[in-house]
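Student: I would like a close look at one part of this model, the salt bridges, with some context from the rest of the chain. Please take it in one connected answer.

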Amino acid sequence: MFSSNPPLGLYIHLPWCEKKCPYCDFNSHEADSIPQQAYVDALLDDLAQDLPLIWGRRIESIFIGGGTPSLFSAQSIDRLFSGLRSLINLAPAIEVTMESNPGSADAANYQGYREAGVNRLSIGIQSFDDRQLALLGRVHNGAQAQRAFRMARAAGFDNINLDLMFGLPGQGLAAAQADLARALALEPEHLSHYQLTIEPNTMFHHRRPQDMPDDDLCFEQQQACQAQLAAADYRQYEISAFSRAKRESYHNLNYWNFGDYLGIGAGAHGKITLAGENRVIRRVRLRHPRAYLEQHGAARIASETELDSADLCFEFMLNALRLKQGFATRLFHDNTGLSLNEVLPTVKQACDKGLLAFDGEKITPTELGFCHLNDLQALFLTPQSKKNKPFFESSPKIMHN
Ligand SMILES: C[S@@+](CC[C@H](N)C(=O)[O-])C[C@H]1O[C@@H](n2cnc3c(N)ncnc32)[C@H](O)[C@@H]1O
Ligand code: SF4
């Protein structure tokens, strides 16, 4: 039984990009022109569908992800926020993050996003190396990446995340470290460091780039870069997330703590606890932007499912085990409504294998467990929660940093 609802965030998906990157399997679509006004209207209409699920609750964080949200004008984002404020109750010190691609960075827009209410910017740098950026099919070069960061600072953003990838085609250890050094020289508050993964249904899957580093080299790059980040005073708090003190992403921490979130926009997922009814539901929106725009009201909801206790246990562990410091056992009950006894036998099994540490109050992945996170998470996959396997397989991509 739930004693109260978990904290609530809002995810907003803007699904268009200037050009589809060959490694990307996000719900993003190339477009010459974007129906910004119609889409903002659709988002607000979409949000209205979820209001009965969250009466009386406050939104603690907002994340505008994509796609490339920075393709939207500052005026559109401002109109979106005016609409949001009229529909929902926002926490006074709310964290509002927006993703941005250096190729679409524009000083006036950055200023406008800030004035509209965005207070955290996440810039998709990927690499500063022009040869790598070309191989990755990016629309920007290294100089534009540097310029985007400086423009964001000049626009007043004092909370910036940079996305960087390693394990890139032909990239050696020294090159991965040099890339990270360039990112660190900018002194962002937060850095997300992802290993390039070849996802099914991407161009790279059909035509694998030559000279992909092997697992040993990727591991070496990861270890060396983690040491470099620690030396520069960035604390790792999640498998791919590093931050300066008190600059963790509140919104993403809420996902990893298995908090609640509304998801609006094409293909967005939401997870909402209805504590009074002792239920947790997931809603998913229509994936294709055209279909999403053509429909209205409840017809934009592609599916609604209720999570049973096997789903809740598995999904909680899937998320919380990504946290380097682990989690307080109380959180399991607070955010699943279940007793810890439901997962205790598996926790003990993982402790016996040296993958978890459990002191009665806290459950923490060991260094070995963190290195073999997929194996550790898979232990919590029961026959009943197997129907969730597709979700599990796509889950390492909770990358909205
Ligand atoms: C939705 S994208 C963010 C912003 C913007 N669309 C961009 O690419 O600049 C989120 C991040 O996920 C990471 N990412 C996307 N596909 C990936 C893959 N196949 N492997 C590793 N990281 C990936 C990239 O670092 C990217 O910046
Ligand atoms: S990586 Fe970013 S810019 Fe590239 S297609 Fe995906 S969402 Fe768009």
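Tutor: What follows starts with the salt bridges and then moves to other local features.

The model is predicted. The count of salt bridges comes to 18. One of them pairs R283 with D50, with N to O at 2.6 Å. R283 belongs to strand β13 (residues 279-285) and D50 to helix α1 (residues 36-50), so this salt bridge ties together parts that are 233 residues apart in sequence. R283 has a relative accessible area of 13% and is therefore buried, the limit being under 20%. D50 is buried as well, at 2% relative accessibility.

Strand β13 also holds R282, which is paired with E315 of helix α11 (residues 309-320). The closest N and O atoms of E315 and R282 are 2.5 Å apart. This pair ties together parts that are 33 residues apart in sequence, and both E315 and R282 are buried. Shared partners join several salt bridges into one network, made up of D46, D50, R283, R285 and E304.

The salt bridge between R235 and E248 has a different setting: R235 is partly exposed, with a relative accessible area of 39%, and E248 is partly exposed at 21%. Their N to O distance is 3.1 Å. R235 lies in strand β9 (residues 235-238), while E248 sits in the loop between β10 (241-243) and α9 (250-256), so the parts tied together here are 13 residues apart in sequence.

Helix α1, the helix of D50, also contains Q36. Q36 is buried, with a relative accessible area of 19%. Its side chain reaches the backbone oxygen of L71 at 3.4 Å. Leaving aside residues up to four places away in sequence, Q36 touches L71, F72, S73 and S76.

The backbone has some features to check as well. Most residues other than glycine have a negative phi, and most peptide bonds are trans. The peptide bond that joins G66 and G67 is cis, with omega about 15 degrees. G67 is placed in the loop between β4 (58-66) and α2 (74-87). N201, which is not a glycine, has a positive phi of about 65 degrees. N201 is found in the loop between β8 and α7 (203-206) and is exposed, at 70% relative accessibility. F258 has a positive phi too, near 60 degrees. The place of F258 is in the loop between α9 and β11 (260-264), but F258 is buried, with a relative accessible area of 3%.

Last come the cavities. A search of the whole structure finds 2 cavities of 30 Å³ or more. The largest cavity has a volume of about 530 Å³ and is lined by 32 residues. Of these, Y23, C24, F26, Q126 and R138 lie nearest its centre. At least two lining residues come from each of β5 (89-100), β6 (120-126), β7 (160-166) and β8 (190-195). The largest share, 3 residues, is supplied by β6. By type, the lining of the largest cavity divides into 11 nonpolar, 12 polar and 9 charged residues.

Key:
Residues are numbered from 1 along each chain as its sequence is written. Chains are lettered from A and ligands numbered from 1 in the order in which they are written. This is a predicted model: local features need pLDDT of at least 70, side-chain atom pairs count only at pLDDT 80 or more; totals for chains, interfaces and linings use all residues. Side-chain values use heavy atoms; hydrogens and water are left out. A salt bridge is a side-chain nitrogen of Lys or Arg within 4 Å of a carboxyl oxygen of Asp or Glu. Helices (H or I, at least four residues) and strands (E, at least two) are DSSP runs, numbered from the N terminus. Buried means under 20% relative accessible area, exposed over 50%, partly exposed in between (1.4 Å probe, protein chains only). A polar contact is a pair of N or O atoms within 3.5 Å; within protein, one must be able to donate a hydrogen and the other to accept it, and residues adjacent in sequence count only if both atoms are side-chain atoms. Contact means heavy atoms within 4.5 Å. On a 1 Å grid over the protein atoms alone, a cavity is a set of points where a 1.4 Å probe fits but cannot get out, and a pocket is an open set with protein on both sides within 12 Å along at least five of seven lines; lining residues have an atom within 4 Å of a point. Grid points are joined across faces, edges and corners, and a volume is the space filled by probe spheres set on the points. Ala, Val, Leu, Ile, Met, Phe, Trp, Tyr, Cys and Pro count as nonpolar, Asp, Glu, Lys and Arg as charged, and the others, Gly among them, as polar.
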